[in-house]
Amino acid sequence: MTPGKFADPDWTAEGAPRARVSLDRLRTLWFNTGTLCNLQCSHCYIESSPRNDRLGYLNRLEVRRYLEEISALGLDTEEIGFTGGEPFMNPDLPAMLADSLARGYWVLVLTNAMRPMMKCAPELLALRDWYGSRLTLRVSIDHYRPALHEEERGPRTWTPTLKGLKWLADNGFAVAVAGRRRWGDEEDSLRAGFERLFQAEGINIDTSSPTDLVLFPEMDLNVDTPEITTECWDVLGVRPGEMMCASSRMVLKRRGAESPVVASCTLLPYDPAFSLGERLDDSLGDVALNHPHCSRFCVLGGGRCSA
């Protein structure tokens with residue numbers, strides 16, 4: 001990255017006013033359940049692994065407090081998302097899902113669908129029976145070719161992930177899949193490849209839908225990316241309201257901290273500049289796009305973690 005870039009929250013390295021994004025409404029509140037994961041991927045967005053506990057487990061009471069704050073503030077929130085790490089490694093996850101669903105929210109869980117999820121099969125089946133399609137599980141399958149998926153996720157990861165996805169589909173869960181564009185496939189080709197996979201496996205996923213099959217851009221801090229100025233919106237034909245931070249926030253708990261905090265973005269859990277306070281009420285202002293991920297993933301890459 002060019003020296004001097006992404007250093008000042010108000011001005012770019014060339015002296016132009018930095019773009020900012022206002023929160024239109026808190027459509028989605030994410031909870032990072034902890035960075036521990038059963039896998040160590042080659043290019044994990046937040047460096048999750050079996051040893052990375054920089055973000056600790058949130059507990060049920062902590063999540064409940066934020067759900068209550070949504071109601072107290074009268075926020076127009078529709079969706080609660082759970083990410084990690086691998087969320088199903090958090091022992092409180094089934095209870096947190098139940099609490100969120102009981103309040104009437106749509107709930108989205110990001111998972112690799114492997115053993116931690118399958119250990120929670122009885123609880124998941126009960127939630128399906130009660131809430132049906134209000135609960136969606138989005139399974140990470142990085143590429144429709146097993147060898148490329150395992151290049152990212154590690155050896156012997158394809159079969160158990162596909163088995164978990166098929167279990168979800170066969171048992172009537174609302175499912176989605178998240179792939180990655182890191183191998184340079186054209187989007188149409190990538191979607192067609194996933195369609196062939198799902199048809200062969202009898203999995204009903206609409207690969208033409210950008211929410212049923214999400215294809216994420218890459219985030220490589222070693223690759224230069226332009227800073228986003230206020231003029232870029234018109235130049236690029238992109239609206240600030242299309243950015244994730246216009247409609248979402250994420251709750252996380254750093255290792256050793258007494259309380260969780262609210263961050264502006266699911267992709268920037270470690271940078272204190274993107275922590276907005278302990279309460280949702282503290283987090284409702286605008287956000288400076290002062291990180292390479294803001295440029296590469298969101299503005300230029302069009303990446304979004306939810307609809």
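## The nonpolar cores

The largest nonpolar core here has 49 residues, and Phe31, Leu165 and Phe194 are the ones with the most contacts inside it. Helix α6, which runs over residues 158–170, gives the most to this core, with five residues. Keep in mind as you look around that this is a predicted model.

Phe31 is a good place to start exploring. Setting aside neighbours within four places in sequence, it is in contact with Leu58, Val63, Tyr66, Leu67, Ile80, Gly81, Phe82, Thr83, Met250 and Val251. Apart from the largest core lies another one, of 23 residues, with Phe216, Met244, Cys245 and Val287 among them.

## A look at helix α1

Now for α1. This helix has 14 residues and reaches 20 Å from its first C-alpha to its last, close to the 20 Å expected at 1.5 Å a residue. At its N-terminal end sits a cap: a side-chain oxygen of Asn59 lies 3.1 Å from the backbone nitrogen of Leu61. Following α1 comes Gly74, with a positive phi near 65 degrees.

Which residues of α1 are buried? They are Glu62, Val63, Tyr66, Leu67, Glu69 and Ile70. These residues cover an arc of only 155 degrees around the axis, so they end up on the same side of α1. The general idea is simple: an α-helix has 3.6 residues a turn, so residues three or four places apart point the same way. On the face turned away from the buried side, you'll find the exposed residues Arg65 and Ala72.

What covers that buried side of α1? The cover includes β2, β3, α2, β8 (248–252) and β9. Val63, Tyr66 and Leu67 turn up twice in this story, as buried residues of α1 and among the contacts of Phe31.

## Salt bridges across the chain

Side chains of opposite charge can pair when their charged atoms come close. In this model the count comes to 23 salt bridges. One of them joins the side chains of Glu78 and Arg27, at 3.4 Å from N to O. Glu78 lies in the loop between α1 (60–73) and β3 (79–83), while Arg27 is in the loop between β1 (20–21) and β2 (28–32), so the pair ties together parts that are 51 residues apart in sequence. Glu78 is partly exposed, with a relative accessible area of 33%, whereas Arg27 counts as buried at 18%. Both belong to a network of salt bridges that links Arg25, Arg27, Asp76, Glu78 and Glu79.

Helix α1 takes part in two more of these pairings. In one, the side chains of Asp99 and Arg64 meet in a salt bridge at 3.0 Å, N to O. That pair links distant parts of the chain, with Asp99 in helix α2 (residues 93–102) and Arg64 in helix α1, 35 residues apart. Asp99 counts as buried at 12% relative accessibility, while Arg64 is partly exposed at 33%.

In the other, Arg279 forms a salt bridge with Glu69, and the closest N and O atoms are 3.5 Å apart. Here the two residues are 210 residues apart: Arg279 is in the loop between β9 (261–263) and β10 (287–288), and Glu69 is in helix α1. Is Glu69 buried or exposed? Glu69 counts as buried, at 8% relative accessibility, whereas its partner Arg279 is partly exposed at 44%.

## Around helix α5

Two residues give a feel for the region around α5. Glu151 is found in this helix and counts as partly exposed, at 41% relative accessibility. Not counting residues up to four places away in sequence, Glu151 touches Ser42, Arg182 and Trp183. Glu151 and Ser42 are 109 residues apart along the chain, yet their C-alpha atoms are separated by 7.6 Å.

Thr157 is found in the loop between α5 (146–153) and α6. Where Glu151 is partly exposed, Thr157 is buried, with a relative accessible area of 4%. Leaving out residues up to four places away in sequence, Thr157 touches Leu39, Met114, His149 and Glu150.

Methods:
Residues are numbered from 1 along each chain as its sequence is written. This is a predicted model: local features need pLDDT of at least 70, side-chain atom pairs count only at pLDDT 80 or more; totals for chains, interfaces and linings use all residues. Side-chain values use heavy atoms; hydrogens and water are left out. A salt bridge is a side-chain nitrogen of Lys or Arg within 4 Å of a carboxyl oxygen of Asp or Glu. Helices (H or I, at least four residues) and strands (E, at least two) are DSSP runs, numbered from the N terminus. Buried means under 20% relative accessible area, exposed over 50%, partly exposed in between (1.4 Å probe, protein chains only). A nonpolar core is a set of buried Ala, Val, Leu, Ile, Met, Phe, Trp, Tyr and Cys residues joined through side-chain atoms within 4.5 Å. Contact means heavy atoms within 4.5 Å. The expected span of a helix is 1.5 Å times one less than its number of residues. The arc is that of the directions from the helix axis to the C-beta atoms. A polar contact is a pair of N or O atoms within 3.5 Å; within protein, one must be able to donate a hydrogen and the other to accept it, and residues adjacent in sequence count only if both atoms are side-chain atoms.
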